[in-house]
Amino acid sequence: MKKLTDSLSFKNIKNRPGRSMALVMLCALLSFSVFCGTLVVRSLSGGLESMKRRLGADIMVVPFEATTKSDIALENVVLLGNMGYFYMERSVADKIMAREGVERASTQCYLSTVSSGCCSLPVQIVGFDPETDFTITPWIREGGGAKPGDGEVIVGHKLNAFPGDTLTFYGVDVKVAAKLAETGTDLDTAIYTGENTIRRLIQASVDLNLNTQKVSDPAKVTSCVLLSVADGYSVDEVLNDINIHVRKVKAYRTSGMMETITSSLASVSWFSGVLAGSVWLFSLVILVIVFSMNVNERKREFAVLRTAGASAKQVARIVTGESVLLSCAGSAIGVLCGLFFVVPFSGLIGEMLDVPFLRPGALQIALFAVLSLAAGIACGALASTRASHRISRSDAGLALREA
Amino acid sequence: MHGVKAGLSFAIAVQGAVCALLPGTFIPLCMMQSMRCHTLMRPAVTVLCVLLVIAGVLGSVVHIRQCGRHHEKTDG
């Protein structure tokens with residue numbers, strides 16, 4: 001079988017290194033934009049799906065005072081695990097849970113640690129009741145872990161702590177019982193624990209004068225109540241009932257709170273898709289133009305081949321062969337650049353975008369790489385179709401006579 | 001001479017592989033994976049070291065082949 005390097009297409013490419021390199025770079029840009037655009041859009045939708053799966057509750061009730069603070073974005077604290085803590089009396093939570101139309105209810109208590117200067121960041125600690133909880137427990141079960149016991153915590157995926165490790169917060173030692181699956185949100189950097197442990201931590205923060213809230217007894221406070229509405233009642237009915245009849249609290253529809261996050265996610269996703277699509281389209285147009293110009297300036301060369309006995313089909317095959325070889329090389333370079341310079345830095349991209357960002361698994365990334373490679377090769381081959389068709393139909397004698 | 005160059009290229013490849021293990025394996029990193037050492041430093045070091053390994057391996061292969069060709073010429 002004839003070696004690839006003996007083919008006329010390969011020799012034509014080798015003899016024009018400058019032109020060939022430019023076409024390879026264009027194909028690389030095309031496949032790079034397809035691969036990275038697909039990866040970013042998929043990661044954004046993965047983060048959103050993961051966040052929706054964690055939701056569970058229909059209504060979230062928080063202290064009214066917390067809604068007036070501009071430094072706390074409530075939806076981000078509850079839904080995304082951002083820093084922030086606020087408290088209300090437990091007796092108020094009991095009143096909420098007893099309202100008509102509430103099927104399931106569970107309380108959560110928040111606390112943030114402090115940073116200790118250089119190279120440290122505060123973490124969000126979420127205390128929940130393992131007996132009544134229905135939002136965090138399914139997530140723990142997903143990761144194969146068990147509910148935390150007294151003095152135990154469950155850590156988010158992005159914390160560099162593993163089962164058996166001991167962590168210290170406000171001077172209180174806690175043991176890591178399990179690690180959660182990744183969500184692509186700040187929930188990955190949060191810590192989850194039972195009610196007794198969170199009360200001990202809140203007391204320790206109060207004793208150290210590091211708690212910004214006025215807490216006299218940690219056993220008598222909670223941060224929010226998550227509710228699931230019973231069949232036969234509408235979410236708005238229960239929500240309005242709580243807002244009218246329970247004082248000093250504010251109830252929100254969790255789906256409504258998600259809209260703020262989903263709309264910013266949608267716009268980032270849309271922008272990434274449009275950018276990748278535009279780069280792809282412009283690269284394709286430029287490829288078509290460049291291949292046409294390339295073939296046009298070599299009319300006499302192909303005419304000589306025709307007069308030497310090459311058929312129209314063979315000439316077209318040479319042109320298509322060149323474009324396929326160039327687009328193969330270019331697409332491979334583009335996909336490799338994406339694998340080297342985008343995939344390892346996906347964590348940084350997620351941090352900079354500041355939206356839920358869950359990178360797909362290795363198998364899906366490999367699939368995107370193969371599809372981007374195929375798309376780049378197909379586009380390169382398609383770009384030369386018109387030019388190869390035109391040159392195979394051109395009159396050899398006329399082309400030779402042109403000065 | 002080609003043999004020496006092949007050896008040096010191989011040493012560079014091995015060094016690149018060892019350096020890639022520095023952050024995270026030999027030197028522990030921060031507790032939170034959203035911090036700069038995890039999101040920026042470690043992937044940057046890994047990518048550069050992988051490129052170094054590839055360059056070292058390619059250099060070794062090229063020099064070993066040239067060494068072989070040189071021996072063929074001198075024996076022939």
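This passage walks through the salt bridges, the chain contact, the cysteines and a few single residues of a predicted model.

Let's start with charge. Side chains of opposite charge can pair when their charged atoms come close. Across all chains, the structure holds eight salt bridges. One of them joins Glu297(A) to Arg19(A), with 4.0 Å between the closest N and O atoms. These two partners come from distant parts of the chain: Glu297(A) belongs to helix H9 (residues 254-297), Arg19(A) belongs to helix H2 (residues 17-55), and their positions lie 278 residues apart in the count. Glu297(A) has 59% relative accessibility, so it counts as exposed, the cut-off for that label being over 50%.

Another salt bridge brings together the side chains of Arg90(A) and Glu195(A), at 3.5 Å from N to O. Here too, distant parts of the chain are linked, with Arg90(A) in helix H5 (residues 90-97) and Glu195(A) in helix H7 (residues 195-207), 105 residues apart. Both ends of this pair are tucked away: Arg90(A) is buried, and Glu195(A) is buried as well. For Arg90(A), the relative accessibility is 18%, and the label "buried" applies because the cut-off is under 20%. The pairing doesn't stop at two residues, either, since a network of salt bridges links Arg90(A), Glu195(A) and Arg199(A). What else does Arg90(A) contact, leaving aside its neighbours within four places in sequence? Besides Glu195(A) and Arg199(A), the list holds Thr107(A), Ala219(A), Lys220(A), Val221(A) and Thr222(A).

A further salt bridge pairs Arg99(A) with Asp241(A), and their closest N and O atoms are 3.0 Å apart. Once again the link is between distant parts of the chain: Arg99(A) lies in the loop between H5 and strand E3 (102-112), while Asp241(A) is in helix H8 (residues 235-245), 142 residues apart. The two ends get separate labels. Arg99(A) is partly exposed, with a relative accessible area of 27%, whereas Asp241(A), at 17%, is buried.

Next comes the place where the two chains meet. The contact draws 19 residues from chain A and 17 residues from chain B. Between them, the chains bury an area of about 1,500 Å², and 74% of that comes from carbon and sulfur atoms. Which three residues of chain B supply more of its buried area against chain A than any other three? They are Met31(B), Met32(B) and Gln33(B), which together give 37% of what chain B buries there. As for charge pairing across this contact, the count of salt bridges between chain B and chain A is zero. Polar contacts do turn up, with two residue pairs counted between the chains, both at pLDDT 80 or more. On the side of chain B that touches chain A, the residues split into twelve nonpolar, four polar and one charged.

Now for the cysteines. Over all chains, the disulfide count comes to zero. Take Cys27(A), which is in no disulfide: its nearest cysteine sulfur belongs to Cys379(A) and is 8.7 Å away. For a disulfide, the two sulfur atoms would have to be within 2.5 Å. Cys27(A) has 1% relative accessibility and therefore counts as buried. Cys224(A) is in no disulfide either, with the sulfur of Cys109(A), its nearest, 9.3 Å away. At 0% relative accessibility, Cys224(A) also counts as buried.

A couple of backbone angles deserve a look too. Most residues other than glycine have a negative phi, and most peptide bonds are trans. Asn209(A) isn't a glycine, yet it has a positive phi of about 60°. Asn209(A) sits in the loop between H7 and strand E9 (221-222). Is this residue buried or exposed? With 70% relative accessibility, Asn209(A) counts as exposed. Lys248(A) likewise has a positive phi, about 65°, without being a glycine. Its place is in the loop between H8 and strand E11 (249-253), and Lys248(A) counts as exposed at 67% relative accessibility.

Finally, there's a glycine to mention. Gly256(A) is found in helix H9 of chain A and is partly exposed, its relative accessible area being 32%. From Gly256(A) to Ala177(A), the separation is 79 residues in sequence and 34 Å in space, taken C-alpha to C-alpha.

Notes. Residues are numbered from 1 along each chain as its sequence is written. Chains are lettered from A and ligands numbered from 1 in the order in which they are written. Side-chain values use heavy atoms; hydrogens and water are left out. Helices (H or I, at least four residues) and strands (E, at least two) are DSSP runs, numbered from the N terminus. Buried means under 20% relative accessible area, exposed over 50%, partly exposed in between (1.4 Å probe, protein chains only). Contact means heavy atoms within 4.5 Å. Buried area is the accessible area (1.4 Å probe) that two parts lose on being put together, summed over both. A polar contact is a pair of N or O atoms within 3.5 Å; within protein, one must be able to donate a hydrogen and the other to accept it, and residues adjacent in sequence count only if both atoms are side-chain atoms. Ala, Val, Leu, Ile, Met, Phe, Trp, Tyr, Cys and Pro count as nonpolar, Asp, Glu, Lys and Arg as charged, and the others, Gly among them, as polar.
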